[in-house]
Amino acid sequence: MSRKKINYIKKVNIYKPEFPLWAMILFKTIFITFIICCAVVAVFSFVYVCTPVDGPSMLPTLNAQQYDENGNFIEGTNKDSVYINRFADADYGDIIVAKSPLDGKYVIKRLIAKEGDKIAIVPITNEIFPANRTYKILLIKNGQSEVEILEEPYLEEGISLYKTYYNFSNYQNLNPERFSQVDVGNYGNVYFLTLNDDEFFYLGDNREDSRDCSEYGPNTENNYIGRVDIIVHESENHFSQIFLYFWHLIFG
């Protein structure tokens, strides 16, 4: 007697119940927040370096709250901090960090000239005493012939460039082969320093108290550390300044 084969088919519900809408929104919010946090951590671990700023060489841009009207250090005050973008190229007027060719220490300064540029510092007034004259920086950018008189709104009003001019003149006397004459009209024949293809030139905002390229000449690219993108003054919150920087970077 033959038996019929009986197939037992188990019914399975292949449709899973849907998550509530509030749970899906919560999950997506947590996931997006996690991704953003990971991105921020990655950026500030590998791209940016945060460091406090020492010294008065960038007054009044940095550490202004540490010094009184006479330039004396105020005990107990906190330093400003900066976030350095280690992979960004700098442009004219940017604040940068570099290694000093004198002692290898890190310095924070203002970028004035780049590779191939010509730079000079000249008096534009004729007072009897050199220290009382007004000085300006002349710049001929790489590949151009037009002479630009550098405007520097970041400097403290009335600050003297005499020390910068004095140091620059001493450097010229020690390295005359690096300078060449250029006719700049009202200023006559001016000696310009020409930067090599791997050099850049920076100065401190506090020209009366800064050791910079006016003293020891242009620095080289291998000593360039990075560009300062974010400044956090002593009284400001780091997170708020970082948020504002990226907000303006994205939305203008």
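In this predicted model, the ring of Y92 offers a pleasant place to begin, with K114 lying over its face at 4.7 Å from the ring centre. A further lysine, K141, places its charged end over the ring of Y92, 4.4 Å from the centre. K141 also takes part in a salt bridge with E148, in which the closest N and O atoms are 3.6 Å apart. Both partners of this bridge are partly exposed: K141 has a relative accessible area of 23%, and E148 has one of 31%.

Salt bridges number nine in the model, and some of them join distant parts of the chain. One is formed by R207 and E152, whose closest N and O atoms are 2.6 Å apart. Here R207 belongs to the loop between strand 10 and helix 3 (213-216), while E152 belongs to the loop between strand 7 (148-149) and helix 2, so that the pair links parts 55 residues apart. R207 counts as buried, at 1% relative accessibility, and E152 is likewise buried, at 13%. Another bridge brings together the side chains of R178 and E199, at 2.6 Å from N to O. This pair also links distant parts of the chain, with R178 in the loop between helix 2 and strand 8 (179-183) and E199 in strand 10, 21 residues apart. R178 and E199 are both buried.

Attention can now turn to the aromatic side chains. A pair of aromatic rings is described by the distance of the centres and the angle of the planes. The model holds twelve aromatic pairs. Among them is the edge-to-face pair of F168 and F201, with 6.1 Å from centre to centre and 85° between the planes. Because F168 lies in helix 2 (residues 162-174) and F201 in strand 10 (residues 199-203), this pair ties together parts that are 33 residues apart in sequence. F168 is buried, at 2% relative accessibility, and F201 is buried too, with a relative accessible area of 0%. F200 and Y202 make a tilted pair, their centres 5.8 Å apart and their planes at 45°. Both residues of the tilted pair are buried, F200 with a relative accessible area of 7% and Y202 with 1%. Elsewhere, Y135, Y162, Y165 and Y166 gather in one aromatic cluster.

The surface has its own feature to show. F239, F243, L244, W247, L249, I250 and F251 make a nonpolar surface patch of about 830 Å². One of these residues, F239, lies in helix 4 (residues 238-251) and counts as exposed, at 64% relative accessibility.

Two details of the backbone are found in the loop between strand 1 and strand 2. L59 and P60 are joined by a cis peptide bond, with omega about 0°; P60 lies in this loop, between strand 1 (48-52) and strand 2 (81-85). N63 sits in the loop as well, and has a positive phi of about 65° although it is not a glycine. At 0% relative accessibility, N63 counts as buried.

A view of the whole chain completes the picture. The protein chain contains four helices and twelve strands. Of its 252 residues, 35% are buried. The chain exposes about 16700 Å², of which carbon and sulfur atoms supply 56%. Among contacts with a separation of 6 or more, 60% are between residues 24 or more positions apart.

Methods:
Residues numbered from 1 in each chain as written. Predicted model: local features only at pLDDT ≥ 70, side-chain atom pairs only at ≥ 80, totals over all residues. Heavy atoms only, no water. Phe/Tyr/Trp six-rings, centres within 6.5 Å; stacked < 30°, edge-to-face > 60°. Buried < 20%, exposed > 50% of the residue type's maximum accessible area, 1.4 Å probe, protein only. Lys NZ or Arg CZ within 6 Å of the ring centre and 35° of its normal. Patch = residues over 30% accessible without salt bridge, like charges linked within 9 Å, V, L, I, M, F, W, Y side chains within 5 Å. Areas by Shrake-Rupley, 256 points an atom, 1.4 Å probe, with all protein chains shown as cover. Salt bridge = Lys/Arg side-chain N within 4 Å of Asp/Glu carboxyl O. Contact = heavy atoms within 4.5 Å.
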